[in-house]
Amino acid sequence: MLKSHYYDCKTEAGCDEAGRGCLAGSVYAAAVILPPDYTNEELNDSKKLTEKKRYALRDIIMRDAVAWAVGIVTPEEIDKINILNASILAMHRALDQLSVRPEAVIVDGNRFKSYHGLPHTTIVKGDGKYLSIAAASILAKTFRDDYMNALAQEYPRYGWSENKGYPTRQHREAIREWGATPYHRKSFNLLGDLRQLTFQFDE
């Protein structure tokens, strides 16, 4: 069972992002504030859940959360400020939209920039340790998947409905054949080395 909170006696928002390692598309992040002592044994790191389970849990999170929001940073912005800064900016944009102001923030990973001076803690593999970060990982992942599925209708040659913009062999071979789209991140190594591609999606 994941932990309900990190900070004692504070309204705490959990944050996570999706799409950081992709070659195409925006990076998405979510911020979620859950009720105190909230429990849900099914909540977990989105990577460990089936697609069907992620979408079922998204509805539950949106229903049960005290507040939730999604922030987006575009490929053009990613190219200007780099993907690390873009991921953090997406989290800040999600926090900006929360209907309840948090008193503290917990973040999946090991990098974050202070948000309006609030106390914050980065937690490696936090999406498998804390409920609010797991909830944020599910929202970020599912909303980004919806976005990439929509883009796949506009650009069907790149396999985005399957690879969601990640650097699969199919995706890079399509870039090699058809070129980059307006949604590709031009600052990334789009072609890479096809002999050394990793097929391990990190989100």
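The questions and answers below concern a predicted model.

Reader: Where does Leu23 lie, and is Leu23 buried or exposed?
Author: Leu23 belongs to the loop that joins β1 (12-18) and β2 (27-33). A residue counts as buried when its relative accessible area is under 20%. The value for Leu23 is 3%, so Leu23 is buried.

Reader: Which residues is Leu23 in contact with, leaving aside its neighbours within four places in sequence?
Author: One of them is Pro167, 144 residues from Leu23 along the chain, with 6.1 Å between the two C-alpha atoms. The full list of contacts, with sequence neighbours within four places left aside, is Gly165, Pro167, His171, Arg172, Ile175, His184, Arg185, Phe188, Asn189 and Leu190.

Reader: How many Å apart are the end C-alpha atoms of helix α4, and what span should its 24 residues have?
Author: Helix α4 covers residues 131-154. At 1.5 Å a residue, its 24 residues should span 34 Å. This agrees with the distance between its end C-alpha atoms, which is 35 Å.

Reader: How many residues of α4 are buried?
Author: Helix α4 is largely enclosed by the rest of the structure. That follows because, of its 24 residues, the number buried is 18.

Reader: How many aromatic pairs are there, and what kind of pair do Tyr6 and Tyr130 form?
Author: The count of aromatic pairs is 8. In the pair of Tyr6 and Tyr130, the ring centres are 6.0 Å apart and the planes stand at 70°. Planes over 60 degrees apart count as edge-to-face, so this pair is edge-to-face.

Reader: Which parts of the chain does this pair link, and how many residues apart are they?
Author: Tyr6 is in the segment before β1, and Tyr130 is in the loop between β5 (120-123) and α4. Tyr6 is partly exposed at 38% relative accessibility, whereas Tyr130 is buried at 8%. Along the chain, the two residues are 124 residues apart.

Reader: What kind of pair do Trp68 and Phe143 form, and which elements hold them?
Author: Their ring centres are 5.8 Å apart and their planes are at 20°, so the pair is stacked. Trp68 is partly exposed at 29% relative accessibility, and Phe143 is partly exposed at 23%. The pair ties together parts 75 residues apart in sequence, because Trp68 lies in strand β3 (residues 67-73) and Phe143 in helix α4.

Reader: Which arginine lies over the face of Phe143, and which has its charged end over the ring of Trp178?
Author: Over the face of Phe143, at 4.3 Å from the ring centre, lies Arg58. Over the ring of Trp178, 3.5 Å from its centre, sits the charged end of Arg157.

Methods. Residues are numbered from 1 along each chain as its sequence is written. This is a predicted model: local features need pLDDT of at least 70, side-chain atom pairs count only at pLDDT 80 or more; totals for chains, interfaces and linings use all residues. Side-chain values use heavy atoms; hydrogens and water are left out. Helices (H or I, at least four residues) and strands (E, at least two) are DSSP runs, numbered from the N terminus. Buried means under 20% relative accessible area, exposed over 50%, partly exposed in between (1.4 Å probe, protein chains only). Contact means heavy atoms within 4.5 Å. The expected span of a helix is 1.5 Å times one less than its number of residues. Rings of Phe, Tyr and Trp (its six-membered ring) pair if their centres lie within 6.5 Å; planes under 30 degrees apart count as stacked, over 60 as edge-to-face and the rest as tilted. A charge sits over a ring if NZ of Lys or CZ of Arg is within 6 Å of the ring centre and within 35 degrees of the ring normal.
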